[in-house]
Amino acid sequence: MPIPSYFGPPSSSQNSFRRDTGREEREREEMPRLIEIPLLTHSTASAATTISRSATVRVLLTAFTILLVLHLTISPPSKSTYHSLFLSLSDNATAACHLLALTRRPHVAGTPANAAVAAYVLAALSFSSLPAHSVSYDVFLTYPLRRSLILSPSPRPSPGPTLAFDLVQEIYPGDPYADVAAEVLPTFHAYARSGAAAGPAAYANYGRLEDFAALRAAGVNVTGAVVLARYGKIYRGDIIKNAEDAGAAAAVVFTDAKDYGGGGQGRFPEGPGMPASGVQVGSTYRGSGDPTTPGWASASGCERWSAAEVAASGLMPGIPSLPVSAQDGEAILRTIGGQVAPDDWQGVEGAPLYRLGPGPGFLNLTYIGNETLATIQNVFAVIEGEEEPDRYVLLGNHRDAWTFGAVDPNSGTASLLEVAQRFGKLQKRGWKPRRTIILCNWDAEEYGLIGSTEWVEENREMLTSRAVAYLNVDSAVAGPGFHASATPQLDELLKQASEKVQDPDNSSQTLYESWVASNYSSLIGRLGGGGTDFTAFVQHVGVPSVDMFFGGGYPVYHSMYDDFVWMEKFGDPMFHRHVAAASMWGLVALRLADEEFLPFNYISYASELQRSAKILEDDVLGMPVTFAPLYKSIKALKKAATKIDNQRKALERNFLSLNWRKDPLKVRELNDRLMMAERAFTDRDGLFGREWYKHLIYGPSMHDDYGSKSYPGIDDAIEKAKSLDTSESWSFVQHEVWRAARVVTQAALVLNGKFT
């Protein structure tokens, strides 16, 4: 099926990404060819009866030797041959054209524009000869109806001017997307509380717990104030929650030039920085999935919470809020008096002096939202495994964007479609994966990981018993520099794959070499945060997972300026980073799907747990808490990990004798232990007060959904105990240590594969 043309052809600027038309024929010629071996005929067999017994034996041995040599030398291409071919099939023109098509219009979840992009993804997957389908859910989303923000010098009429902010992101001269700019939603916070609030303005830096503690220590009372905080450091939903807990009447969050101005390289379109009118929009929901179906899928006719029950969950903001631009934030700051803010709370050179307030500037804020059920669509393509079709390797990226979404998320979507195209070409050359590969394109991630979470909740039991790994890419490319996070058993696989991929910014070295050179302290991060679609897989089900990207944070994040022009000028001018992202993503998937033994290493996992436990233990020295149970369980895990690693090596040593191939159940059983060990780190009761999060080793920070914590239950309990300092609170810390020790022990038992 041809790919729909309603997104328009690539612009003339893409002429530099022409495909090498002769490449496909050259690749076909380079592939190893099969040689037909004639079978022994009946007449040949009859003649053999006249030969003496010893001669017959010699003939048969000779024939067997010849056949064995032929089998070893001219057998079909190996899996590793196909993996090398996958890397050679890269095409930056494909990624560029896909990204241009995906970002022609703004496409927020639940809108017709996003449904059109879903149709494009479905068609592109089908065009790559992959069986594709979509799955729909009706979920609770919000859109802005009315907003206003008015600044006056004081709560009563005064000679000073009153300023009503227009809350508009400006179109720049020559903007190629000016014709569709009206389709960009007005700037808002998804799930913000509808209502009006007024109060003196007070400045709270990044809105973290420590920032509000600093205000209290300075004698600044924000009760009844409208708090102004800047984006950065923590999740915006936690900024609003912290302001609410501090007694604020409302919150305004601005995009400070210090964090998003482009670092002196200029503002877009001349430089990569956020324009003065640019606004970072986003969700303020502090949960995962549809807020009306917590823990179960939003299937047709399902049970739903009422609006009152959703509000009572505490995961929605209790005060109204709005996001504003750098220029609007600075206008508010100029009216705030009181104490001068600390040096590290100040803005860039040339910005007004930041003071704490509250007042005399006075803000009137109104936000009215439309809360509705809207239809979203997840799109899938399935490549069925030849030997283990019931074991799944999943690759996922979300599609919906707050505006055009060139970086977030459609650089990842373009890379996913590039991976799909390469997989399709491999299939035409005879490749069949050992295990099933599923390509997943999620919807409504921006609202709160909704598409992926609903699908995981609907397919929880299948995933629990059959998912090998989940490989996530969200914003695949925002600039130079490779970054990865993973559950620890996948660390070595990531390193090995990166040694095969060329560095997109330096063709003389591998990606691994540049990766190591730029990350001295911690090469691979951990998947404890709740910022993207791996969350449901890791923290709810316990599936080994990876998250990868190039470039990290970028200035025009979640704004109208995250478009193809920004990507082409600043993010990835030649689209070589998109190619590298697709190469890493696909190669890791191929290793997991094709290798007889899953490339998992739990020895490194045990070492990681040991280091993380020591950090927490040092944090409570002198307190009535012992980590001895946890250390004992980690020791058992390391022993079990070493044992299963030795068992795998012993089976591999039998390769030449082919004995292990005659007993595939041994391979299957060992792989199942490797696959299921991650599930053992989950607990059915979940984290205290956050029951949906089941993983007791990695989870989000209690006060920053983006932040990752090791042993999140222990960490939460320690933070509370430090505040209360009661025997009961420290006893609860000890209880959480025991809980963590129990799941680590369970993981060791799973790796051992035997009952106690």
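## Close-up views of a predicted model

**Figure 1. The largest cavity and what surrounds it.** The structure holds eight cavities of 30 Å³ or more, and this view goes to the largest cavity, with about 60 Å³ of space inside. Keep in mind that the model is a predicted one. The lining of the largest cavity is made by Leu598, Phe600, Asn601, Tyr602, Ile603, Ala641, Ile644, Asp645, Arg648 and Leu674. Two helices, H21 (602-619) and H22 (628-653), each put at least two residues into this lining. H22 gives the largest share, with four residues. Sorted by class, the lining of the largest cavity comes out as seven nonpolar, one polar and two charged residues.

**Figure 2. The second largest pocket.** Here we move to a pocket with about 1,200 Å³ of space, the second largest. A total of 45 residues line this pocket, and those closest to its centre are Gly531, Thr532, Phe549, Tyr557 and Tyr706. Helices H9 (257-260) and H13 (445-448) each bring at least two residues to the lining, and so do strands S15 (545-550) and S17 (704-710). As for chemistry, the lining of the second largest pocket splits into 18 nonpolar, 17 polar and ten charged residues.

**Figure 3. Helices H24 and H25 side by side.** H24 covers residues 712-724 and H25 covers residues 727-752; the two pack at an angle of about 170 degrees, and their axes are 8 Å apart. Angles over 145 degrees count as roughly antiparallel, so that is the label for H24 and H25. On the H24 side, the contact is made by Gly713, Ile714, Ala717, Ile718, Ala721, Lys722 and Leu724. H25 answers with Ser729, Trp730, Phe732, Val733, Glu736, Val737 and Ala740. Taken by class, the contact between H24 and H25 has ten nonpolar, two polar and two charged residues.

**Figure 4. Thr103 in its loop.** Thr103 sits in the loop between helix H5 (92-102) and helix H6 (112-127). Its relative accessibility is 0%, so Thr103 counts as buried. Leaving out residues up to four places away in sequence, Thr103 touches Tyr177, Phe404, Gly405, Ala406, Asn410 and Phe564.

**Figure 5. Gly542, in the loop leading to S15.** Look for Gly542 in the loop between helix H18 (534-541) and S15, the strand that also helps line the second largest pocket. Gly542 is buried, its relative accessible area being 0%. Thr682 is 140 residues away from Gly542 in sequence, yet the two C-alpha atoms are 6.2 Å apart in space. Thr682 also turns up among the residues that Gly542 touches, along with Phe537, Glu678, Arg679 and His695, again skipping residues up to four places away in sequence.

**Figure 6. Leu426 on helix H12.** Leu426 belongs to H12, which runs over residues 410-428. With a relative accessible area of 0%, Leu426 is buried. Phe86 lies 340 residues from Leu426 in sequence, while their C-alpha atoms are 7.0 Å apart. Neighbours within four places in sequence aside, Leu426 is in contact with Tyr82, Leu85, Phe86, Leu89, Trp431 and Leu590.

**Figure 7. Arg690, between H23 and S16.** Arg690 is found in the loop between helix H23 (664-676) and strand S16 (698-701). The cut-off for buried is under 20% relative accessible area, so Arg690, at 13%, is buried. Its contacts, not counting neighbours within four places in sequence, are Pro700, Ser701, Met702, Pro712 and Asp716.

**Figure 8. Ser148 on strand S1.** Ser148 has its place in S1, a strand of residues 132-152. Its relative accessibility is 24%, so Ser148 counts as partly exposed. Ala164 is 16 residues from Ser148 along the chain, and 7.5 Å separates their C-alpha atoms. With neighbours within four places in sequence set aside, Ser148 is in contact with Leu167, Leu322, Asn364, Leu365 and Thr366.

**Figure 9. Stepping back to the whole protein.** The protein has 25 helices and 17 strands. It counts 756 residues, of which 55% are buried. Among contacts with a separation of 6 or more, 81% come from residues 24 or more positions apart.

Conventions: Residues are numbered from 1 along each chain as its sequence is written. This is a predicted model: local features need pLDDT of at least 70, side-chain atom pairs count only at pLDDT 80 or more; totals for chains, interfaces and linings use all residues. Side-chain values use heavy atoms; hydrogens and water are left out. On a 1 Å grid over the protein atoms alone, a cavity is a set of points where a 1.4 Å probe fits but cannot get out, and a pocket is an open set with protein on both sides within 12 Å along at least five of seven lines; lining residues have an atom within 4 Å of a point. Grid points are joined across faces, edges and corners, and a volume is the space filled by probe spheres set on the points. Ala, Val, Leu, Ile, Met, Phe, Trp, Tyr, Cys and Pro count as nonpolar, Asp, Glu, Lys and Arg as charged, and the others, Gly among them, as polar. Axes are lines fitted to C-alpha atoms, for helices over the stretch in contact, and angles run from 0 to 180 degrees between N-to-C directions. Angles under 35 degrees count as roughly parallel, over 145 as roughly antiparallel, 65 to 115 as roughly perpendicular and the rest as oblique. Contact means heavy atoms within 4.5 Å. Buried means under 20% relative accessible area, exposed over 50%, partly exposed in between (1.4 Å probe, protein chains only).
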